[in-house]
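Ready for some practice at reading a protein model? Grab a pencil, take a look at what follows, and work through the exercises at your own pace.

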Amino acid sequence: MVFELCSYVWGKADELPAPYPLGCHSLDTAAVAMLLWDVHLSSGQRRFVAKSFGVPERQARALVAFWAGLHDLGKCCPSFQSSPTGPAPAFLLQEEFASPTGWMNEGAVRHERVTHLVLPSILADYGYDAASRPGRSVAHQVAQILGGHHGVYGLMLDRATLRHPERAEPRVGTATGWREQRAALVDVVHAACGRPAAPGRVAPAGAAVLVTGLVVLADWIASGHPWVRARQDDWMAAEGEDWQAHFERAYAAAGPAVEKLQLAAPQWAPASRFEDVFPEISHPYPLQADIAARLPGLVSGAGILLVTAPTGDGKTETGLFGARLLGAAAGQPGLGVLLPTMATTDAMWDRVRAYVRRAAAADTPVTLLHGMAWRKEAYSTDAPDAEICDDGVSTTAGDFVRRKHLGLAAGTAVGTWDQAAMACLPMRFNTLRWLGLSGKTLIIDEAHAYDAFGHALTVRLLQWLGHLGAPVVLLSATLAGSLAERLVHAYLEGAGHTSLEPVTPAYPGWLFADAATATVTASAAIPSTRAHSLAVDQQPVRHTHDLHADDGRAAHLARLLIPLYDAGEDPGAVLMVCNTVPDAQATYQALAARSGTRTPNLLLLHARMPQWQREDLTRQLLTLLGPRAQRPHEPWIVVTTQVAEQSLDVDFDLVITDLAPLAQLLQRAGRGHRHILGGRGRRPSWAPAPRLVVLAPAGELPPPAWGNVYDAALLRRTRDLLTEKAGQPVAIPEDVTSTIETVYADLNTLAEQALHDDRRRAGQDAAQAAAADTAAIPAPATLTDLYPITDRDLDPDLLTTRLGADSARLLPVYREADGTTWLDPQCTRPLPVPAPGHKRLTRAQVADLARLSVPAPGTYLPKTPDTAVPATWNKTPLARELRLLPHHALADGRIQGHRTERHILRLDPVLGLVRTTVR
């Protein structure tokens, strides 16, 4: 029996002149979902969903729209319609809309839960299988998908509840009015969507997750206040209650709305050759030329491309070319680029944005995704592109794709690795991350740069991407062969393959694994234009900053830097990389106090500096030592930390470093003799060839001052290797693979040679991998219940802490005796407040606070009333997450730091954040 849908059942009411009918909102969402299917989903995503449900694409389009229109079916229940904040409709007094009685039915039930409960039995009338056990029931799968539209899936129903939801949960509304209106709503949406036939089978988990993400996105668009007001005006102006006409109006309005929100899939200019993608590169590197010649003939769909080469061989351009080919072949035109640090991500965003401007055939927003993206001036909403191509292509990302959870919805996204890794964790709305990831070709740069926990999450990420048919490009300068095999195999396992051949990548070289056939094609070792002999000089030292200790680190460093302080020597630039910020600060102070016949320029750069200072120092370094800079005519010494390993394209004449695991040492060595100077100057006589000096602490590793920065076994194995090869240069790239495999060998490879620290490292890695496996969502292969993919009770802070994002942003402030607080030591800049009539700080005010803030471990500055931000900032999401670092501004002009139980913290204008232990 078909019932008439009544408009008095409401769906939206906040800030509206009258309640908005639930039927209207349902049809709005169906219309938006249908339009998103057409313009937002890639052809690969559409094909994947249709194939997963066993239906043609046109039918899948109508089905997804139909399902999206039913997401709020559960609002047709007593709990929602009688909400204390709702309009209290009069129909609730009618007997056919009675609420269940009894104390056990007094509490409210969430409307998405009601959708999950009542929908299967209604869908059974439309040919959906509701009789099978829930894991094999299409009706239940659709209901569980829609029950997850608020970001969290509900538990799989049992068979009794599946058949008789009103008995299991009377609060859904058992009176005839509720049941009839729910049935009427389903029928109206079904008719509007062309009455699509039910799919015959349950879809794999990936398709269910992708559909959920699309439903959520459609709901968010159709719930926007401007949209609702416009559709409500149309509804009230129309004659009668014509539901089909409303759907048609909504579909017509959806196109301009989605276009305005920048949700169209990207379009690229035709390109099948390397010179089409990078016409400015007239002489490709050998690696680029080899891939350009061979990869096009191998790619016919999705797959994974692994590129391993030393720094300077053009991996980034190679990756972008590979992504262009793979994306076109797989029907996944979106582009995602992931990197290990915020600094590298910021730099890559600039490069990718320039690439998109040249390569895109239509406007394509490029989002920047990491915890501090909002502080990058060029990424501000109010800062449009500095340059626009002749064809008018823009890469500016609007407000919608900057919203939480939506950054990956943009056609191109550049972010830190954790932005994708978090999709593998059972976090709220992770379905939106999967929606964005599944339509992209993903480039993961520096694929080696993660601990065991991170590698395990990367494995799970690749399993899901293989399952979804999303192409992947892995780039690395120092990836061990065993890890490379594990990553490639993970992708192929996700694509459905079980019997896999060993994978042995060449270095430098590349390999491609086809997702459909699991065929692996690998290159031979490719000559590198960056090939060179690296002299490695390991010097045993005692880790002390005492210059009078002849065997100490400070004394060794002083001897190495003699030419910089001698006016009779050539000028030059030396990089000193320290493993900790305190070591870098102490090293800088010792060098600043030293005298000679000339005084070199000194520069200190590390992560615990205000953002503005780091940016200024980085720009200064690029001006002095960047790829286009003339060699300096004065001596320079730059003291830094790990920030120099990946984010700086600068060229030093000599690199000195504290002992670190071999992969990090090779990265640091890559900052020496990096550029071909040509007519830009010459090398000093004391550094004619690439040389890396390693100050290796004698005795037990690591020294106490380093804490747990690096694993003891990796440090010891690196030191042993360098000792064994003393006096022998390292051939780059020929020796990279063998040395990396020696240092990073696993316990099985080491066998009887394993020492105690090797076994401890293996145990720690196994524990981390197990922790990641426990924390992560299940692999997609056997997953039928969607509930494990999300977790309503999960604390996201615990997960981000485990991902290495447990730092706090400290905002140095300066307080006078009367309690007045300022942003500067001169006490001239007051703390910002929202403008009159507003509850939040402006974007410009927040960006200014970000530039003044300093990252530090959260344990440095506990949350106390003294460190709490002003109450007027509590409505501003980013500002309220800061912690104040109060300094005392004394009347005589002196500044005192902030004392905690364990230390004193102060911001020094040169040294950055200084931490002094309280004794």
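**Exercise 1: One aspartate and its surroundings**

The side chain of aspartate 570 reaches the backbone nitrogen of serine 685, at 2.9 Å. Keep in mind that this is a predicted model. Your task: find where aspartate 570 sits, decide whether aspartate 570 is buried or exposed, and list what aspartate 570 is in contact with.

Solution, step by step:

1. Start with the location: aspartate 570 belongs to the loop between α21 (553–560) and β12 (573–577).
2. Now check accessibility. Aspartate 570 has 18% relative accessibility, and the cut-off for buried is under 20%, so aspartate 570 counts as buried.
3. Next, look at side chain to side chain: a polar contact of 3.5 Å links aspartate 570 with arginine 682.
4. Finally, skip the neighbours within four places in sequence. The contacts of aspartate 570 are then Pro563, Arg598, Arg682, Pro684, Ser685 and Trp686.

**Exercise 2: Walking across a sheet**

Your task: work out the strand order of the open sheet of 8 strands, then find which helix lies across β3, β7 and β8.

Solution, step by step:

1. Trace the strands across: you get β5-β6-β4-β7-β8-β3-β9-β10, and the pairing is mixed.
2. Look at the ends. β5 (366–369) and β10 (520–522) are the edge strands, each pairing on one side only.
3. Zoom in on β10: β9 (residues 509–514) pairs with β10 in the antiparallel sense over 3 bridges. Alanine 513 is opposite valine 520 in β10.
4. Now add the helix: α19 (residues 452–468) lies across β3, β7 (440–444) and β8 (472–476), and runs at about 155° to β7.

Key
Residues numbered from 1 in each chain as written. Predicted model: local features only at pLDDT ≥ 70, side-chain atom pairs only at ≥ 80, totals over all residues. Heavy atoms only, no water. Pairing = 2+ DSSP bridges. Helix = DSSP H or I, 4+ residues; strand = E, 2+ residues; numbered from the N terminus. Contact = heavy atoms within 4.5 Å. Axes fitted to C-alpha atoms, helices over the stretch in contact; angles between N-to-C directions. Buried < 20%, exposed > 50% of the residue type's maximum accessible area, 1.4 Å probe, protein only. Polar contact = N/O pair within 3.5 Å; in protein donor to acceptor, adjacent residues only side chain to side chain.
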